[in-house]
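Q: Could you show me how to read an interface, taking one between domains and then one between chains?

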Amino acid sequence: MTTVMKVSGLSKHFGGVRAVQDVSFELGENQLLALIGPNGAGKTTCFNMLTGQLKSDSGSILMLGKEMTGLKPRQIWRLGVARTFQITETFASMTVSENVQMALMSHEREMFGFWARAKDRYVPDALELLMQVDMADQARRPCAELAYGDLKRLELAVALAHSPRILLMDEPTAGMAPGERKSLMALVAGLVGKGGVSVLFTEHDMDIVFGHAEKVMVLDQGELVAAGTPAEVRANPLVQEIYLGQPARIDQSGDEGAADA
Amino acid sequence: MSDAPFYFAQFLTGLASASSLFLVASGLSLIFGVTRIVNFAHGSFYMLGAFTAYSLVNALPSGIFGFWSSVFLSALLVGLIGAMFEFVVLRRIYRAPELFQLVATFALVLIIQDAALWIWGAEDLLGPRAPGLDGAIEIFGERIPEYDLALIVAGPAVLLAVWLFLHRSRWGTLIRAATEDREMAGALGVNQSLLFTAVFFLGSFLAGLGGALQVPREAASLLMDLNVIAEAFVVVVIGGMGSIVGAFLAAVLVAELNAFGILVLPKITIVLAFIVMAVVLIVRPWGLLGKPQAGQHGAGEPEQPLRPLAGLPLVAALIVVAALVLAPAIAGDFMLVLLTDFLVAALFAASLHFIMGPGGMISFGHAVFFGLGAYGAALLVKFAGAGMIVALAVAPLCAAAAGVVVGWFCVRLSGVYLAMLTLAVAQIVWSIAFQWQDVTGGDDGIVGVWPAQWAASKAAYYYVALVLCLGGIWLLHRFTHAPFGYGLRAGRDSSLRAESIGINVHAHQWMAFVIAGGLAGVAGSVFVFSKGSIFPDELAIPRSVDGLIMVLLGGIKMLFGPIAGAAAFTFLEDIVTRLSYWRAIFGGLILLIVLAAPDGVAGGFARLTTRWRGKALQAKP
Amino acid sequence: MLEARGLETFYGGAQILNGVSVHAGRGEVVALLGRNGAGKTTTMKSIMGLVVPRKGSVRFSGQDITGWPPFRINRLGLGYVPEDRRIFKDLTVLENLEVGRQPSAGDGPVWTPERLFELFPNLRDRQDNLGSQLSGGEQQMLTIARTLMGNPSAILLDEPSEGIAPVIVAQLAETVRELKREGLAILLSEQSLHFARAVSDRADIIEKGQIRYSGSFAELDEQPEILRKYLAV
C-alpha cells in the first residue's frame, strides 16, 4: 500500500504537560484510519499539529511526499489536505450553499475578486457537493439555523470541495444523532472505497470506530499505546483498561467500593 | 564628556514624567484586566485629578500637610467618581458588545470635558509648587527640581504598593484571579459586581493621583485628557495589558524616549514612542509582559446572510438617491451644505463599517484616513498648486497608503490591542498635524482650499460630493458582495475555517484597511473642498468616535446602517452643537442610547416591538 | 438537598438539555454518566448558574436558585469543580485556595488549607508553586480543594478522573468517599463507569440531553443493553 502520510516522532509540550509524546504512524492510500483515546489523551493536539494549526516541538509530518511541518493551515490545504473540526467551524453569516462556494472560490483562487457576485459563483458545483452529504434541500438556509448534525455534514461538504487526497476528521460524528452518525460514516467510507481519498479520524463513538476503521490507533497520556485492526485493538486488555478505568486499583482502596461484577 | 551631566539631568526628567504616566497606565491596565473594558475616560480622570488638586491646594491651608492631603483627596474623589460611573452605567452593559462599552466611556469623556470647562474655565491653571519640595538640588552641576526627585521616588513606591496589594491582600488575590478567569472566580463565590466597582475605584484613584501629582509641574488644561490617554494606551500596549510591572517599564521607556527625543526631534517625539510600540508589537504581540488573550466576548447573534439589493429595499434606495439628486432643485444653500456634510459622513461611516462589520475589527482611529485625505488634498493645492480634480484623485491615495501601514500592524493584533493601536496612530498623526507648523499650519490649519471654478457654487459642489461619496458607498457595497467581501466575512465568522480552506485571512483584513482607508480619504478630500479649510481637529480622537457613533446608531449588522447612522448623526449634531456645553449634552444622549438599547439600536427596536406584541397578545383573552 | 427539574438549556440555537432532572441528598453521591457531548457539563453549568436554562428549575438548600448569579449560589453552599479544572495559573496553590475561601453557609464541614493538605498530601509540598507548574493530577486535586475552601454542603464534580494517572484516580475515589462521609451531597459526572461505580450510590445516565436511566448500579448491571447503548465501548 502506498503511504500518503508518514508521521514520525511527533511531540508537543504545554508548560510542564506532555500533551503528545513521540507519536509515529503512517496513513496508507485509501485507508480509513482511526485515532482513539480517552478525553485528554492528546488526540486534538495531535490533530492540530497535522493540520498546521499548532507547531510541533519536534518530529516530522510527511504528506503526499512533502514535508508539512511548519506550513500554515492554508498551505497544507492547497496541497490537497482537507479537515473537519471537532466543534464545527462554519461561516454563520452565510447560507449553507455559500459556505461550500467559499471553498470552491478559494480553490479557484478567486478570493481577491472585487467585482463578481460571490453569491452566483459555482452554485451548481456547491449543490452537487451538498447532494453528496444529503443537504441539497437546505442549500439556501442560513447556516446559523442549522441543527448540529447538519453542520457536521456541511463541514464534510466543504472539506470535499477541492477533491482532497487526505481528509483529516476530528470527531466527525460528535454531537450527531446515532442514525445520522452511521450514515455520515458510511458516506465517508464510501468515498474512501471509491478511491482517491484517505481518511484519518478521531472519534469517541466506538460503534463508528470499530464499524468503519480499517486500522485503529490508541493514544493515552500523549503516547501511542496500541495499534492494529479493530479486532486486535478490541482484544487488547490495556485498551479496555484505559477506557473503563482500572477497576482493580480503585476498588482496592475503597472500604465500601462496589464489587466489579 | 561635558555633556554627560546634562544627559543625566534629562534622564531624571524622563523618570519624573514616567511616574505620572505609570499611574495612569497602571489604572487603565488594572481596569482592563478585570473588566475587559478599555476605559476611554481614564485620561479624563487624570485631568479631573489635576483640576481638583489645583482647587484643593488653593482652598486648604498651605503647607506640606495641606498640599499632600489635597493630592490624596483629589485622587480619592476621582476614584469615587470612577466607581460611581461603573456602578451607574457600565454595570448595565457588561454583556453588551465591546463597542457599546467603549462609546459609553467616551460619552463620559465628553461630559467631563464640559464639566471641567464649566467649573474651571478654559484657562490653563498652574498650581503652586509643592511646599518643602520647591527648590532644586545640584547633581553633577545640573539643577534638578526637588519635586522631580520626589516623583521619581513616588513612581516605584506606588508600583510597590500596588504590587503588594495585588499579591498580599485577599482583594488583590481576587483581582488577579478574576483577571485570569472571571467566570470561575464567580463560581467560587466572588461577587464580580463588587469587585468590578472596587477595581474601577482603584484604577480611577491611580489616574487621579497621577493627575494631582502633576499639578506643580504642568498646568492643568482641558487638553490633558486625550493627550494622556493616547500615551497611556501606548504604554499599556507596550507593557502588556493587565501587567502592572509591564506598565511601569513601558512608562519609563516612553517617558525617556520623550525626554531624549525632544533633543533630536523636538516636535514629533511621540513618533518615537510609536516606533517603539510597533517594534514591541512585532516581536511580542501581547506587549513586553502581557499574556495572549482569550477570545473576545459577546459576539451576539450572527448576522443574516447577505442578499443582493432587490425588491423593496432597492426601490427605497433608488428613491433616496433620486431625492438626493433632485435636492438642489428645492433645497437652499444651507440645506445643501448640510446634505454635503451628510454625504461625507455617510462615506466615512460606511468605510469604517467595512472594517468593523464584514471585517470584524474595531478601529479607533479612523479619522486618520479621513484627515490624511483632507490634509493630502489641502497640501497638494497649497504646495503643489494642484487643481481640485488632481487633489481629489491623489489625496485618497495618501490615505490608502496610510491604510497599508496601519493595516499591516493591525492584522497582527486582535481585539483591544488593535483598537488601542489605531487610536494611538490617530493621536500621533494628529500631533504631527498640530505641531508641524511649517507644513500643516499647526493649530491655524490650512485655509483657502476652494473648489475649481466650475464647482464653486454650492449646488455644483454638492453634485461633486454626491458622485464621489455615493460612488464610494456603491464600491464598498459591491466589494462586500464580491468574493473579497465574502472572504473578509469568512475570516470574521471563523478564521479557523477560513484558513483551513485556503483563505488568507490576514491578507483580506489588510486589504480591507487599505480600501477603507482610501475611501475615508475620499470623504476627507471632499470635505476639505466643501469647507475650504482643514484643521487638526479633523484628525483627532473625537472625529474617530463620531464614526463609531454613526456605525453604532445605524446598527453594525446592517449593511445600510452606517448611512442611516450618518444621517441621524449629522442632523442631530447640527442641532446640538448650537447649544453651549453641547459636548455634555451629546455625551448624555450617547449614554442614554447605550443604556436604553444595550443590544444595539436595532436590537432595542426589536425588543420594543416584541414587548408590544406580547402585550397585544396578553390583552386578547 | 439539591434538585434540578426539567432543565432545558440552549447554546445559540442548539438545544443541549432536553428536560434533565437530577437530585442528590445529604451524604449521597449520584453519578451522572454519559458519553462526550451527552450534556453532563451543561447540566452542571445550568445548576451552577453559569448558563441560564430556558426552562426548568433548580432548588438547593430549601431555596429556588434558578437564575441566581453563580457567586450567590456558591455562597449558599454549592461548590463547583469544573471539568477543565480552571486553576488560576498565575496564582500559587495557597492563593488558589484563598480565592475559594468563603465563610461556611450551612452545616457542611469546615475546611482550612491545613485540613485540605491532609486530604491531598501532594499539594502540601507544592503550596507556593504557581498553578501552571502543577501536573494534571495536582491541578485536579487543587481544583477540588479550592472548591472545598468555600465550605460547601454539596458539590458538582465534573469528570474528575479525566486524563488523570491511575494512581491519582484511586486517590480521588478515596477523596470522594471521604467527602460523602462528611455528609456532602455530590453530583458526579463521569465517563468512566468503574470510577463512578466505585464511589456512587446511584446512577443517572444521560444521552442527548435526556436522562435515559435512573437507578442503582445493581439494576444497571442487569441491563447490559443500556450500558452498551449509552456508554460503552
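A: Happily! Contact means heavy atoms within 4.5 Å; by that rule 18 residues of domain 1 of chain A are in contact with 16 residues of domain 2 of chain A. This is a predicted model, where local features need pLDDT of at least 70, side-chain atom pairs count only at pLDDT 80 or more, and totals for chains, interfaces and linings use all residues. Residues are numbered from 1 along each chain as its sequence is written, chains are lettered from A in the order in which they are written, and side-chain values use heavy atoms, with hydrogens and water left out.

Q: How much area do domain 1 and domain 2 of chain A bury between them?

A: The size of an interface is often given as the accessible area lost when the parts come together. Buried area here is that loss (1.4 Å probe), summed over both parts. The two domains of chain A bury about 1,400 Å², with 64% of it on carbon and sulfur atoms. On the domain 1 side, A:W77, A:R78 and A:P164 lose the most area, together 43% of what that side buries.

Q: And how many salt bridges does the rule find between chain B and chain C?

A: A salt bridge is a side-chain nitrogen of Lys or Arg within 4 Å of a carboxyl oxygen of Asp or Glu. Between chain B and chain C there are 4, including B:D181 with C:R86 at 2.8 Å, N to O. Across the interface of domain 1 and domain 2 of chain A, the rule finds 0. Chain B and chain C bury about 1,900 Å² between them, 53% of it on carbon and sulfur atoms.
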